[in-house]
Amino acid sequence: MNFHSSHIFREGNKVADALTNEGISLQWCVGDGRKISFWLDNWLGKPLASSIGVIGCIPLHAKVNEFIVDSHWALPALTAKEAFVYFSSHIVRRSWGKVIWSKAIQPCKSLVVWKALHGRLLTDDALQRRGFSLPSCCSFCGSHAETGVHLLLRCPRIMVLWKWVCLLFSHSFSPWSSLEDVFLGGWVSAFSKQKRRLWIFIACTLIWYIWITRNLLRFEGKVFDALEAQRHLLDLFKESVRESFHTYNNHAVVSVYSRLGISQLSANAPSFTPQYEATD
Ligand SMILES: [Zn+2]
């Protein structure tokens, strides 16, 4: 046996399926295969291991000739676990999906955030993508077209609110790169479990608040007031945090409670009059 063509399709196992999906040419000659790494050498157009994503889940030292028996391919069948690793690596993960649907967050807020993360809020740019021809102007600053990113993250008047909630968590604000960054950004992922849960709750509340306020400004002629918005948000945070987070006793979370004016020791904490700082 001097040469083999790679008729892997005939074998019909998951490796072949993966190769089919990758669209790799399977007609290379491999000699007797003794010197060619089955997984790591480029005998199929590109290394098989990287093509099907098996690095780290199975041994990769095999030579091609080890999969040839009596001049026929004897290809390794992937285990269910290996197949799962392969296929799951090709699924676009939505890691924020499970964090925004929490018992601590009202469904109406989760729904608005879910729509925002999917680009389904009917902002001006979303309507324009659907074919509507309309002028666009941000209802908060009045000096920029309304896009989802501008409205929720980049509008100067909205960034004041993000800066304020970041300070509640002792974090100096820098503009978000995306909405997903709000929930999965580096400094957020470094939080303790309880603190991250509290952050997600507050971030969801703020995004929901921005959206309903935008509708009030646009459709009912209201005027945006940053200080009034902070007072309203603080009431929302305190009300819900008391109900959903009062059992936590984590030091990092207690410090946020303190900034919210909530006592960890009593559900009926004394009223708190925050000192607002006009930053706009
Ligand atoms: Zn704006």
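The following exchange concerns how terms are applied to a predicted model of one protein.

Colleague: What rules apply to numbering and to the reading of this model?

Modeller: Residues are numbered from 1 along each chain as its sequence is written. Since the model is predicted, local features need pLDDT of at least 70 and side-chain atom pairs count only at pLDDT 80 or more, while totals for chains, interfaces and linings use all residues.

Colleague: What is the mean pLDDT of the protein, and which elements have the lowest and the highest mean?

Modeller: The pLDDT is the predictor's confidence in each residue, from 0 to 100. Its mean over the protein is 74, and 62% of the residues reach 70 or more. Among the elements, α1 has the lowest mean, 51, and α7 the highest, 96. Over residues 1-14 the pLDDT is below 50, and over residues 22-27 it stays under 50. Where pLDDT is low, the predicted coordinates should not be read in detail.

Colleague: What makes α8 agree with the expected span of a helix?

Modeller: Helices (H or I, at least four residues) and strands (E, at least two) are DSSP runs, numbered from the N terminus. The expected span is 1.5 Å times one less than the number of residues. For the 13 residues of α8 (residues 156-168) this gives 18 Å, and the end C-alpha atoms are 19 Å apart, which agrees.

Colleague: Which residues of α8 are buried, and how do you know on which side of α8 they lie?

Modeller: A residue is buried if 20 or more other C-beta atoms, placed from the backbone, lie within 10 Å of its own, exposed if 12 or fewer, and partly exposed in between. In α8, Ile158, Leu161, Trp162 and Val165 are buried. They cover an arc (of the directions from the helix axis to the C-beta atoms) of only 100°, which puts them on the same side of α8.

Colleague: Why is Asp32 called partly exposed?

Modeller: Asp32 has 14 C-beta neighbours inside 10 Å, so it counts as partly exposed. Asp32 is placed in the loop between α1 (14-22) and α2 (48-52).

Colleague: What makes a set of residues a nonpolar core, and which residues have the most contacts inside the largest one?

Modeller: A nonpolar core is a set of buried Ala, Val, Leu, Ile, Met, Phe, Trp, Tyr and Cys residues joined through C-beta atoms within 7 Å. The largest has 40 residues, and Ala203, Cys204 and Ile207 have the most contacts inside it. The element that gives the most to this core is α11, with 12 residues.

Note on methods
Two residues are in contact if their C-beta atoms, placed from the backbone, lie within 7 Å.
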